[in-house]
Amino acid sequence: MMITTQTPHALRTMRLLCSAAAAGTFALASASAAQAADAPVSSPTSPPKVTTAAQKPAAPSRANRLQAICSSADLNHDGKVSLEEFHRDIVQGWHNLSPDATGHVQLSDLAQVPRMGKGRLKRLAAVDTDSDGKLSFKEVVESRMAYFDAADTDQDDQLSLPECVAYERQRRGSKP
């Protein structure tokens, strides 16, 4: 296949996606990182904490959830998520969604996933740009790259936690 008119960003994206086909997990698999951040921690010297229905653990703040997500995607542990790490995360996240034999993820199937909240399902449905009730890899990549480009305010092809937090505040209309 010959591609004749590609922007430098599109070419960079395609090159990194090809090299990323073996690893990662950022926003699509953020549920597992957020769940890990929600899990109570115990040490070998203290017994595990037992949570009753009356004693629910405090919900982690948005910044803490973003920290957990960024940390899981930051493969070299330098405090930033590079474009390559982000691409690897997209690929791993896609595989975690378990595409079917046609290479798509049915939105109706995602509604059955435990801990798939209505908000997360609504955000994933918004990625379905052709409104066919299923997600393609292309739709997911385009959506995630739009996030990366919008959040990368200093345009250094790396996302820092402060950039992600600021972008999420802006996107959600939250106050600092």
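1. Cys70 has a relative accessibility of 7% and so counts as buried. In this predicted model, the cysteine sulfur closest to that of Cys70 belongs to Cys164, at 3.9 Å, which is too far for a bond. Cys164 is itself buried, because its relative accessibility is 0%, and the relation holds from its side as well, since the closest cysteine sulfur to that of Cys164 is the one in Cys70, at 3.9 Å.

2. On disulfides, the count for the structure is zero. A disulfide is a covalent bond between the sulfur atoms of two cysteines. The cut-off used here asks for cysteine sulfur atoms within 2.5 Å, and the 3.9 Å from Cys70 to Cys164 is too far for a bond, so a reader who sees these two side chains in the structure should not count them as a disulfide.

3. Cys70 belongs to the buried set of helix H3, together with Leu66, Ala68, Ile69 and Ala73. Helix H3 takes in residues 62-73, and its 12 residues reach 17 Å from the first C-alpha to the last, a value close to the 16 Å expected at 1.5 Å a residue.

4. As for the overall architecture, the protein comprises eight helices and four strands, and read from the N terminus these elements follow the order α-α-α-β-α-β-α-α-β-α-β-α. Of its 176 residues, 32% count as buried, while the exposed surface comes to about 10,800 Å², with 57% of that area supplied by carbon and sulfur atoms. When contacts between residues at least 6 apart in sequence are considered, 68% of them join residues at least 24 apart.

5. Which aromatic rings pair, and how? The search of the whole structure returns three aromatic pairs, one of which is formed by Phe86 and Phe148, in a tilted arrangement with 4.8 Å from centre to centre and 55° between the planes. Because Phe86 lies in helix H4 (residues 83-96) and Phe148 in helix H7 (residues 137-151), this pair ties together parts that are 62 residues apart in sequence. Both rings belong to buried residues, Phe86 having a relative accessibility of 0% and Phe148 one of 1%.

6. Another of the aromatic pairs joins Tyr147 and Tyr167, and this one is edge-to-face, with the ring centres 5.0 Å apart and an angle of 90° between the planes. Tyr147 lies in helix H7 and Tyr167 in helix H8 (residues 161-172), so the pair ties together parts that are 20 residues apart in sequence. Tyr147 and Tyr167 are both buried. Tyr147 has a further partner in Arg144, which lies over the face of its ring at 4.7 Å from the ring centre.

7. Helix H4, which holds Phe86, agrees in its span with expectation, because its 14 residues should cover 20 Å at 1.5 Å a residue and its end C-alpha atoms are 20 Å apart. The buried residues of H4 are Leu83, Glu85, Phe86, His87, Asp89, Ile90, Val91, Gly93 and Trp94, a list in which a colleague may wish to note Glu85, His87 and Asp89 beside residues such as Ile90 and Val91. After H4 comes Ser98, whose phi is positive, near 60°.

Notes
Residues are numbered from 1 along each chain as its sequence is written. This is a predicted model: local features need pLDDT of at least 70, side-chain atom pairs count only at pLDDT 80 or more; totals for chains, interfaces and linings use all residues. Side-chain values use heavy atoms; hydrogens and water are left out. Helices (H or I, at least four residues) and strands (E, at least two) are DSSP runs, numbered from the N terminus. Buried means under 20% relative accessible area, exposed over 50%, partly exposed in between (1.4 Å probe, protein chains only). Contact means heavy atoms within 4.5 Å. Accessible areas come from the Shrake-Rupley method with a 1.4 Å probe; for residues, only the protein chains shown count as cover. The expected span of a helix is 1.5 Å times one less than its number of residues. Rings of Phe, Tyr and Trp (its six-membered ring) pair if their centres lie within 6.5 Å; planes under 30 degrees apart count as stacked, over 60 as edge-to-face and the rest as tilted. A charge sits over a ring if NZ of Lys or CZ of Arg is within 6 Å of the ring centre and within 35 degrees of the ring normal.
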